[in-house]
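User: Could you take a close look at one part of this model for me, the sheet and what packs on it? I'd like one connected walk-through, with the rest of the model as context.

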Amino acid sequence: MQVIKIKGSDDTPTIILDAENNIMEISGRSLPEDVASFYEPVLEWLDEYAQSPNEKTILDFKLVYFNTASSKLLLDILLKLEDLSDEGNEVLVRWHYPDDDEDMEEAGEEYADIVDVPFEQISYSLD
Amino acid sequence: MAEIVNRHNFLDFVYDFYLKMKSKDVNLVYEGEITHQITKAFTSLTESKMLREEEPNTVQKKVFHVMVECLQNISKHASQPETATDEKEGKGIFMISKGESEYLVTTGNTIPTEKIDGLRYMLENINNLDKEGLKKLYKQQIREGRLSEKGGAGLGFIDIAKKTGRPLEYHFLTVDKDESFFVLTSSISRK
């Protein structure tokens, strides 16, 4: 399966989707000019991945900032994982947040409430 | 002669404007089209200023959040002149000021008068909710809301209220029968 590697910038996140090496990661900042078209390849990739998923799927979110337009697309991504989980696959979302960032921690809690997928909250230190 | 008088008037205006900005602790004022590039430029300008002034990390992040949502509100929702093409971004005024205890982010833009009632209803609803209520509304909106053609998720105001923990201050001024001027001020505590 094709690997997606997008290098982050000051308004777009770093994205790695690599089924073979079992690495799925979205990190950095997300406020792209056109959120829908930015995340479209990610959603398409997940659809294709769902055809023959790995034994265990882990998606790491390590965002430091995302705007509300992105939050909607992040939910779309999580809903794809929920589908995967509903079909009986083992899925885990790891939500990493800076230990001094209550808002980012809360954002993770809110997503965990909305989608029915095992969610792990992991704090990290920026120092 | 008339030209000299005009120039004096203009210089007075510039100086007066400068004094007024200083007296209100205004860091940045802009009037015009709000594009993605403008949003990026203003946020990074404000970020580096806050960094230099050693503003706490949490305050920096909240100011950044509020700025982005406010700027995007203008670019997505300001009313357009009829001559505007589809690509035109919304226009408005954007201001950020730093006081002793808080940052104020103010936006102003024209909206069709007919949208006032809906907007007021939405803002009042948000202002009447506590933290838990806002969380609930946010979760409901993110689940049920759809991304508009311009990329708005209908979450901006809720997010600002959630992040600042303060009510949204807003006013509507009459421009004419069809158009009104919408002013929104969000405050972010520096503590």
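Analyst: Start with how the contacts in chain B are spread along the sequence: of those with a separation of 6 or more, 65% are between residues 24 or more positions apart. Keep in mind that this is a predicted model. Of the 191 residues in chain B, 29% are buried. The chain has six helices and five strands, and reading along the sequence you get α-β-α-α-β-β-α-α-α-β-β.

Now to the sheet itself. The five strands of chain B make an open sheet, ordered β1-β2-β3-β5-β4, with antiparallel pairing. At the edges you'll find β1 (26-33) and β4 (169-174) of chain B; each has a single partner strand, so one side of each has no neighbour in the sheet. On average, neighbouring strands here are turned by 15 degrees against each other, if you ignore direction.

Zoom in on one pairing: β2 (residues 91-98) and β3 (residues 102-112) of chain B run antiparallel and are joined by six bridges. If you want a spot to click on, B:I93 sits opposite B:G108 in β3(B). Then there's the helix that packs on the sheet, α3 (residues 57-77) of chain B, which touches β2, β3 and β5 (179-189) of chain B. The direction of α3(B) makes about 10 degrees with that of β3(B).

Stepping back, chain B also has a partner. Here 22 residues of chain B are in contact with 20 residues of chain A. On the chain A side, α1 (35-49), α2 (68-86) and α3 (102-114) each supply at least two of the residues that touch chain B, and α2(A) gives the most, with five. Sorted by class, that side of chain A has 10 charged, seven nonpolar and three polar residues.

One of those helices is worth a closer look. α1(A) has 15 residues and reaches 21 Å from its first C-alpha to its last, close to the 21 Å expected at 1.5 Å a residue. Even so, α1(A) has a kink of about 30 degrees, centred on A:P41. Its buried residues are A:V35, A:F38, A:Y39, A:V42, A:W45 and A:L46. As for that spacing, an α-helix has 3.6 residues a turn, so residues three or four places apart point the same way. The cover over the buried residues of α1(A) includes β1 (4-6), β2 (14-18) and α2 of chain A.

Conventions
Residues numbered from 1 in each chain as written. Chains lettered and ligands numbered in written order. Predicted model: local features only at pLDDT ≥ 70, side-chain atom pairs only at ≥ 80, totals over all residues. Pairing = 2+ DSSP bridges. Helix = DSSP H or I, 4+ residues; strand = E, 2+ residues; numbered from the N terminus. Axes fitted to C-alpha atoms, helices over the stretch in contact; angles between N-to-C directions. Contact = placed C-beta atoms within 7 Å. Nonpolar A, V, L, I, M, F, W, Y, C, P; charged D, E, K, R; others polar. Expected span 1.5 Å × (residues − 1). Bend = angle between axes of the 7 residues up to and from the residue. Buried ≥ 20, exposed ≤ 12 C-beta atoms within 10 Å, placed from the backbone.
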